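Subject: Structure handover

Hi,

Here is the structure I promised to pass on to you. Have a look at it first, and then read my notes underneath.

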Amino acid sequence: MEPRTPWQALARPRRFPRTAWPWRAVVYLVSGAAVGAFALLVLLVLVGFSVFLVGLPLLPLAGVALGGLERRRLRLVDRDPAADPHRVPGAPGLAAWLRVRVREQATWRELGYAVLLATVLWPLDLIVLAVGLGLPAALLSAPVQLAASGGEEAKVVKAYLVTSYPQALAAALLGLALLPLLLYPLTALAGARAALARALLAPREAELRDRIGEVTASRARLAAAFEAERRRIERDLHDGAQQRLVALTMTLGLARYDVPPGPLADQLAKAHEEAGRVLTELRELIHGIHPQVLADYGLTAALTDAADRSTVPVDVDVDERAGVDAGEGGRGGGGLPRLPAAVESAAYFAAREALANLARHSGATRARVTARHADGLLRLTVEDDGRGGADPARGSGLTGLADRLAVLDGTLSITSPPGGPTALRVEIPCGVRSVSSSPRTASSSARD
């Protein structure tokens, strides 16, 4: 495994000098010294203008800008990118952006890091570079310094007096030996600097939890908007296009009886039959968008209705006390409570997709749908006695269902060994919305 930080690279001391990590550390410290010196200049200017209350509001923004630059510069010695800890403002505009930034802890941590870099860290970087690179470079240049002085004497690093070329060569050899040795502590300091920068500039655990919470809430809002749009399309089709087709079918039917037998009557009969088929297809389409029985009576009745429509006999068990043989048209007692609409819809379409798949591909002679709600979790299982070998990667529609369940923090798993049986399991965390309708009501809705 390739090292991702300087400290991981130092854990392999023999290989370390032959890697790029020493020079990445040198570039990180050199650029840190340059950025720190510039940050000191900017902070001094802003503090000076703060006397006139002009630079004071700009100080936190200077920290934000520097924090973004330092997170990018961190990639020199840390291959794991540091995420931006700032939240996206809920409204556009500079004022909204400023309000969010001023209230964030990350903004003030970045300002603290800017002050630390401008006052302590960049001079420390220079000292380390002077010792780790400057000292070996000065010793290596001893022959050059002696030659420049006319061969008389030269002071190396202001302390070691060299009066002959053998002494100068010995100093150069010492510098050559020190250079790779001093790269070890220099790289270790670069790793410590990077760890400090990550600790101050990367998101904290609480900030990551808040961001995950925002993403989860956003996904839930998108799912709710999607469901609302599906309901609107269903309502428009039901109240608009379907009613027009019903009127057209009735008009064509009346026209058939008003026209005497002949070619025109035959054409009207064909048009009447075609309008009836279109009306049937439209009703199936509306049912597929969002079945009315699901909206009115809940998941228990909807699962029973889906089982009734299946070409394979299906046993439906939605109660701890008894199952229901829906394949034979039976009805049983008990049922699930009313759950959030998005949960009921996702569970229903998962069951319907599973039943459609087993009817088309499994060769099953019987199936079973089991649904339980306990401890705030809905568990739905669809089992069949078919040939098995189901693979979601082959475009069965289950991949899309898994994505839809993920929006609700739900999971979908399939067990389908060759030869069967196949079991599809869905788990969705949810609460109870209201008390479920009675079995009699659900049954009558399913029959309608």
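Below is what I found in it, starting with the strands and ending with the charged pairs.

One thing before you dig in: this is a predicted model.

**The strands around β6**

I'd start at β6, which covers residues 377-384. Six of its eight residues are buried, so β6 is largely enclosed by the rest of the structure. It has β5 as a partner: the two run antiparallel and are joined by eight bridges. Across that pairing, histidine 373 stands opposite leucine 378 in β6. The two strands make a hairpin with two residues between them, and aspartate 375 in the turn has a positive phi of about 55°.

β6 also pairs with β8, again antiparallel and with eight bridges. Here glutamate 383 stands opposite alanine 423 in β8.

Just before β8, have a look at serine 416, which sits in the loop between β7 (411-415) and β8. Its relative accessibility is 14%, which is why serine 416 counts as buried. The side chain of serine 416 makes a polar contact of 2.7 Å with that of threonine 422.

**The nonpolar cores**

Which residues have the most contacts inside the largest nonpolar core? They are Leu299, Leu303, Leu378, Leu380 and Ile428, in a core of 38 residues. Several elements give two or more residues to this core, including α10 (292-297), α11 (299-309), α13 (398-407), β6 and β8. The largest share, 10 residues, comes from α12.

Leucine 303 is a good residue to click on. Setting aside neighbours within four places in sequence, leucine 303 is in contact with Val316, Val318, Ala351, Val369, Ala371 and Leu380. Apart from this core lies another one, of 29 residues, with Leu46, Ala82, Leu111 and Leu189 among them.

**The salt bridges**

How many salt bridges does a search of the whole structure find? The total is 14, and I picked out three.

The pair I'd look at to begin with is glutamate 110 and arginine 71, whose closest N and O atoms are 2.8 Å apart. This salt bridge links distant parts of the chain: glutamate 110 is in helix α5 (residues 105-140), arginine 71 is in helix α3 (residues 58-73), and they are 39 residues apart. Are these two partners buried or exposed? Glutamate 110 has a relative accessibility of 1%, so it counts as buried. Arginine 71, at 8%, counts as buried too.

Next, arginine 366 forms a salt bridge with aspartate 315, with 3.1 Å between the closest N and O atoms. Arginine 366 lies in the loop between α12 (341-362) and β5 (367-374), and aspartate 315 lies in strand β3 (residues 314-317), so the pair ties together parts 51 residues apart in sequence. Arginine 366 is partly exposed at 28% relative accessibility, whereas aspartate 315 is buried, at 16%.

The last one takes you back to the strands: arginine 379 bridges to glutamate 427, the closest N and O atoms being 3.7 Å apart. Arginine 379 is in β6 and glutamate 427 in β8 (residues 422-429), so this pair ties together parts that are 48 residues apart in sequence. Arginine 379 counts as partly exposed, at 37% relative accessibility, and glutamate 427 is partly exposed as well, at 35%.

There is also a network: salt bridges that share partners join Arg71, Asp84 and Glu110.

Cheers

Terms used:
Residues numbered from 1 in each chain as written. Predicted model: local features only at pLDDT ≥ 70, side-chain atom pairs only at ≥ 80, totals over all residues. Heavy atoms only, no water. Salt bridge = Lys/Arg side-chain N within 4 Å of Asp/Glu carboxyl O. Helix = DSSP H or I, 4+ residues; strand = E, 2+ residues; numbered from the N terminus. Buried < 20%, exposed > 50% of the residue type's maximum accessible area, 1.4 Å probe, protein only. Polar contact = N/O pair within 3.5 Å; in protein donor to acceptor, adjacent residues only side chain to side chain. Core = buried A, V, L, I, M, F, W, Y, C linked by side-chain atoms within 4.5 Å. Contact = heavy atoms within 4.5 Å. Pairing = 2+ DSSP bridges.
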